[in-house]
Amino acid sequence: MALLRINNGNASLLMVDTSQIIHIEADGNYCVMYLADGTAEDLWISMKRFEELASEQVDGATELIRVGKGTIVNRTYIYRITPKKGELELAGGEMDKHLVIHASEKALTTLKLFFEGGCEL
């Protein structure tokens with residue numbers, strides 16, 4: 001279990017097991033973190049700051065992958081990558097249904113190539 005500590009503004013300190021993070025979406029100057037139990041947490045930090053915290057605290061947080069400008073996904077939940085449709089399907093773990101999120105064709109093509117062993121992220 002790798003705990004990520006996030007100082008969420010003056011409001012709280014979150015301690016999250018990175019394996020429970022399904023994906024994170026940017027929303028202006030803050031992010032929304034979606035967890036495997038179905039909850040969502042508003043984070044009062046930027047996507048860039050989230051990446052920095054994850055990298056500093058969790059040995060690079062290798063299961064968390066940036067997909068385009070506004071999305072980070074947990075690679076262990078990736079079920080299907082469909083670049084032409086701009087769709088990334090997530091499933092597994094405690095999730096009771098599949099979740100489709102959207103990203104650019106370019107970002108998803110790069111992600112697909114990474115998993116095929118054809119490039120680095």
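Is F114 buried, exposed or partly exposed? In this predicted model, F114 is partly exposed, with a relative accessible area of 22%. The value sits just outside the buried class, because buried means under 20%. The neighbouring F115 is likewise assigned to the partly exposed class, at 38%. These two phenylalanines offer a convenient way into the aromatic pairs, from which the description moves on to the strands, the helices and the cores.

By the ring-pair rule, the model contains 2 aromatic pairs. In one of them, the ring centres of Y30 and W44 are 4.8 Å apart and the planes meet at 35°, so the pair is tilted. This pair links distant parts of the chain, with the two positions 14 residues apart in numbering: Y30 belongs to strand 4 (residues 30-35), while W44 lies in the loop between strand 5 (40-43) and helix 1 (47-57). Y30 counts as partly exposed because its relative accessibility is 24%. The pair made by F114 and F115 has a centre separation of 5.2 Å and planes at 70°, so its geometry is edge-to-face.

Turning to the strands, strand 1 (residues 3-8) and strand 2 pair in the antiparallel sense through 6 bridges. Within this pairing, L3 is found opposite D17 of strand 2. The two strands make a hairpin with 3 residues between them, and G9 in the turn adopts a positive phi of about 65°. Beyond strand 2 (12-17), the loop leading to strand 3 (21-27) holds T18. T18 counts as buried because its relative accessibility is 2%. Setting aside residues up to four places away in sequence, T18 touches A2, L4, V58, E63 and N74.

An open sheet is formed by 3 strands in the order 8-9-10, with antiparallel pairing. Strand 8 (78-82) and strand 10 are its edge strands, each pairing on one side only. From one strand to the next, the twist averages 20°. Strand 8 is joined to strand 9 (residues 87-90) by 4 bridges, in an antiparallel arrangement, and T82 stands opposite E87 of strand 9. Helix 2 packs on this sheet, where it touches strand 8 and strand 9; the helix direction makes about 125° with that of strand 8.

A103 lies in the loop that connects strand 10 (99-102) with helix 2 (105-115). Its C-alpha atom is 6.3 Å from that of E87, although the two residues are 16 residues apart along the chain. Apart from neighbours within four places in sequence, A103 is in contact with V67, G86 and L108. L108 is also one of the buried residues of helix 2, together with A107 and L111. Viewed down the axis of helix 2, the buried residues fall within an arc of 95°, so they line one face of the helix. Their cover includes strand 6, strand 8 and strand 9. After helix 2 comes G117, whose phi is positive, near 85°.

Helix 1 shows a comparable division into faces. Its buried residues are M47, F50, L53 and A54. The arc they cover around the axis is only 120°, which puts them on the same side of helix 1. Exposed residues K48 and E56 are carried on the face turned away from this buried side. The buried residues of helix 1 pack against strand 1, strand 3, strand 4, strand 5, strand 6 (64-67) and strand 7 (71-74). Just after the helix, D59 takes a positive phi of about 45°.

The interior can finally be described through its nonpolar cores. The largest comprises 18 residues, and those with the most contacts inside it are L4, I6, I21, I24, M33, L43 and F50. Strand 1, strand 2, strand 3, strand 4 and helix 1 are the elements that give two or more residues to this core. Helix 1 gives the most, with 4 residues. For M33, the contacts outside its neighbours within four places in sequence are I6, L14, V16, I21, H23, I24, T39, A40, E41, L43 and F50. Apart from the largest core lies another, of 15 residues, with I22, I65, L90 and A107 among them.

Terms used
Residues numbered from 1 in each chain as written. Predicted model: local features only at pLDDT ≥ 70, side-chain atom pairs only at ≥ 80, totals over all residues. Heavy atoms only, no water. Buried < 20%, exposed > 50% of the residue type's maximum accessible area, 1.4 Å probe, protein only. Contact = heavy atoms within 4.5 Å. Pairing = 2+ DSSP bridges. Axes fitted to C-alpha atoms, helices over the stretch in contact; angles between N-to-C directions. Phe/Tyr/Trp six-rings, centres within 6.5 Å; stacked < 30°, edge-to-face > 60°. Arc of directions from axis to C-beta. Core = buried A, V, L, I, M, F, W, Y, C linked by side-chain atoms within 4.5 Å.
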